[in-house]
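Here are some exercises to work through with the model open beside you. Try each task first, then follow the solution step by step.

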Amino acid sequence: MESVALYVLIAAVVALAAVALLSVMRRRSARSRPAAAPSVLTATAPVTPAADAIGAPGEGLGADIATLETPDPTSGRLGRLRSRLARSNTAVGKGLLALLTRDRIDDATWDEVEETLLASDLGVGPTQELIEALKRRVRVEGIADSDGARAILREELLALVDPSMDRSVATHTDADRPAVVLVVGVNGTGKTTTTGKLARVLVADGRSVVLAAADTFRAAASQQLQTWGDRVGARVVTGPEGADPAAVAFDAVKIGIAAGVDVIVIDTAGRLHTKTGLMDELGKVKRVVEKQAPVDEVLLVLDATTGQNGLRQAQVFSEVVEVTGIVLTKLDGTAKGGIVVAVQRALGVPVKLVGLGEGADDLAPFDAEAFVDALLD
């Protein structure tokens, strides 16, 4: 019995020694392997990347190229989302058509037309213009039926929306450098989500993209933008929480230029238009970026449901960073279609993109004719 116990003891000691040796070998092997590639390109103090510092979309960003999503084509996207837009604007189209096809159109009818247009956030000036134009057309041409009323209303609404405005987002440059797009707006308008969706629009159009997470005040902003970038293989440049947003934007442009990408999109922190210090900081971001490359597009993201209240915001942002285009989000909700005309009149710049839902591909290039047709559906 003693010999059996001795053998058991020796076997146990040998087994423990083997386990310990295997553990040591594994630790040495782990130390000898190279570190894994970071999931985010982090903007630090001076960055001097090589031309291939960031590779093809998805490489070195924690995204498996095989799992990258293919965004929906942007061509005709607004038309495909037309039913969503029509649901929120029936008061404009169907309401006006019902008024204009009455057997007798008198002063009381025109008062109702005015109320309908003002309720749609069209604004006082455009409302008066449209009413005068409709009165003139009805007096000269008359309205025989609903089709005739719809044709007249379509022509006059389209004239207000102004299809002649250039609504293309400036993502092509003649110079041998990337286009630079700055995304700005107040808190809660959906800037980071819009930036991510814009990346999908650009990728769908065959453009290579770098995203700059210059919203360094909101803890989740960088992670949120990284998720959007990973889904389509867009590169993301970020910095530590609380970092100088201008420095992050500067590094993103530097990296994008070195990598030879097509477009750099800079997401900025939301800020109240009444806070002078924060607005000055936004101006600083733009000035710092322009030490390396001009900012080709400044997109102001507005929540369409705020209606006329959003116009003052738009005017202040335009004074600070020279807004070149408007993105209207939540246009499929309780928004009124007239805000498109009102904001264009207030700023003298076009609505270029509209958000019509929470889906990843629900950001659509604005098309004046498709928009007006949706109003009249």
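**Exercise 1. Decide whether Gly76 is buried, partly exposed or exposed.**

Step 1: Gly76 has a relative accessibility of 45%.
Step 2: Buried means under 20% relative accessible area, exposed means over 50%, and partly exposed lies in between, with a 1.4 Å probe and protein chains only.
Step 3: Gly76 therefore counts as partly exposed.
Step 4: To place Gly76, look in the loop between strand S1 (41-42) and helix H2 (77-80); helices (H or I, at least four residues) and strands (E, at least two) are DSSP runs, numbered from the N terminus.
Step 5: Now find Ala364, 288 residues from Gly76 along the chain; their C-alpha atoms are separated by 8.4 Å.

A word on the source: this is a predicted model, in which local features need pLDDT of at least 70, side-chain atom pairs count only at pLDDT 80 or more, and totals for chains, interfaces and linings use all residues. Residues are numbered from 1 along each chain as its sequence is written, and side-chain values use heavy atoms, with hydrogens and water left out.

**Exercise 2. Check the span of helix H7 (residues 146-161).**

Step 1: The expected span of a helix is 1.5 Å times one less than its number of residues.
Step 2: For the 16 residues of H7 this gives 22 Å.
Step 3: The end C-alpha atoms of H7 are 22 Å apart, which agrees.
Step 4: Pick out the buried residues of H7: Ala149, Ile152, Leu153, Glu156, Leu157, Leu158, Leu160 and Val161.
Step 5: Residues three or four places apart point the same way, because an α-helix has 3.6 residues a turn.
Step 6: Just after H7 comes Asp162, with a positive phi near 70°.

**Exercise 3. Describe the surroundings of strand S7 (residues 325-329).**

Step 1: Five of the five residues of S7 are buried, so the strand is largely enclosed by the rest of the structure.
Step 2: Gly325, Val327 and Thr329 point one way, while Ile326 and Leu328 point the other way.
Step 3: Two strands pair if DSSP finds at least two bridges between them.
Step 4: S7 pairs with strand S6 (residues 297-303) in the parallel sense over five bridges, and Val327 in S7 is the bridge partner of Val301.
Step 5: S7 also pairs in the parallel sense with strand S8 (residues 351-355), over three bridges; here Leu328 has Val354 in S8 as its bridge partner.
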